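Student: Could we go through this model together? I would like to see how each label is earned.

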Amino acid sequence: MKSPHRFVIAATILLCLPVVSVFSQVITPIGDINSVDEQGLPTFPGLQTSDKYTIEGIVINEPTVFWGGSGERADFILFVQDETGGIQVYSGGWYGGGALTYADVPLQVGDRVRVTGLTGSFGGKTNINERHNKDQKFEIVNLGHVGEPTPMPITDLAAAIQFDHTRQTGGEYYQGRLVELQNVHIVDGVWENGGMLTVADPAGGTMQVELRYSTKIPDSPQPEGIFNIVGVFNQEDTETPHTEVYLLWPRSIADFKTGASAVENWNLLK
Ligand SMILES: [Ca+2]
């Protein structure tokens, strides 16, 4: 004789399935996920819980271009931005996740994607990640190509790296977004794979620019003079308070836009 409990269990499962499905499609604004307090510590209530969140936005880098390691298993490092902010989606090759895990979802800059996964914080950012467990894969749905967002222009580097916990200005505002540093020149650092440059604007404000290994940017000659640099505005501040270490990650040599200067005589500004 069949147990009546089976019907109860089956009915319960059927009742629960649509609820889970609808819940997973609620889109959370990226800016909400990256909210912080005055110390730059994350304040998103869902952070580090077992709840999964869904964001929707535009891909601004190819997922393997910012990998900093060597060997076959590349990390998957994707930045996605919506109208409220930008977010990193991360899966590490070193624990068995990484780019190979997501190779079945081809992505290019300018694709609109929906990503559902766990949240975790690192270096002043709240990311979507797997918590370093390859069994916690996030889901990526490519919704189609809509085109690369216009980079947000930055003319004042000192203002751009200021910390504002309301995230209305400065580094928190730009974090995770595609930006364009305008009229800058290199004042420090070595043009080499993995190199960290310091660039300055005409007012003397400075910012760090990291030449990530997989970009192969230094395979091309170092640009001379004054130029613009497009890239992902990132934060990697691993110590509390997480209010500093904003840096730019250009994606390729094509992100260095030479001949774009509005400064007529740079020597007067050195
Ligand atoms: Ca931050």
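**Labels and their cut-offs**

Tutor: Gladly! Phe66 and Phe79 are both buried, a word that means under 20% relative accessible area, with exposed over 50% and partly exposed in between (1.4 Å probe, protein chains only). This is a predicted model, where local features need pLDDT of at least 70, side-chain atom pairs count only at pLDDT 80 or more, and totals for chains, interfaces and linings use all residues. Residues are numbered from 1 along each chain as its sequence is written, and side-chain values use heavy atoms, leaving out hydrogens and water.

Student: What makes Phe66 and Phe79 an edge-to-face pair?

Tutor: Rings of Phe, Tyr and Trp (its six-membered ring) pair if their centres lie within 6.5 Å; planes under 30 degrees apart count as stacked, over 60 as edge-to-face and the rest as tilted. Phe66 and Phe79 have 6.1 Å centre to centre and 80° between the planes, so they are an edge-to-face pair.

Student: Why is the pair of Tyr174 and Phe233 called tilted?

Tutor: Their planes are 40° apart, with 5.5 Å centre to centre, so the pair falls into the tilted class.

Student: Why does Tyr174 count as buried?

Tutor: Tyr174 has 15% relative accessibility, so it meets the buried limit. Phe233, at 0%, is buried too.

Student: How do you know that Arg177 sits over the ring of Tyr173?

Tutor: The rule asks for NZ of Lys or CZ of Arg within 6 Å of the ring centre and within 35 degrees of the ring normal. The charged end of Arg177 is 4.6 Å from the centre of the Tyr173 ring, and it is listed as sitting over that ring.
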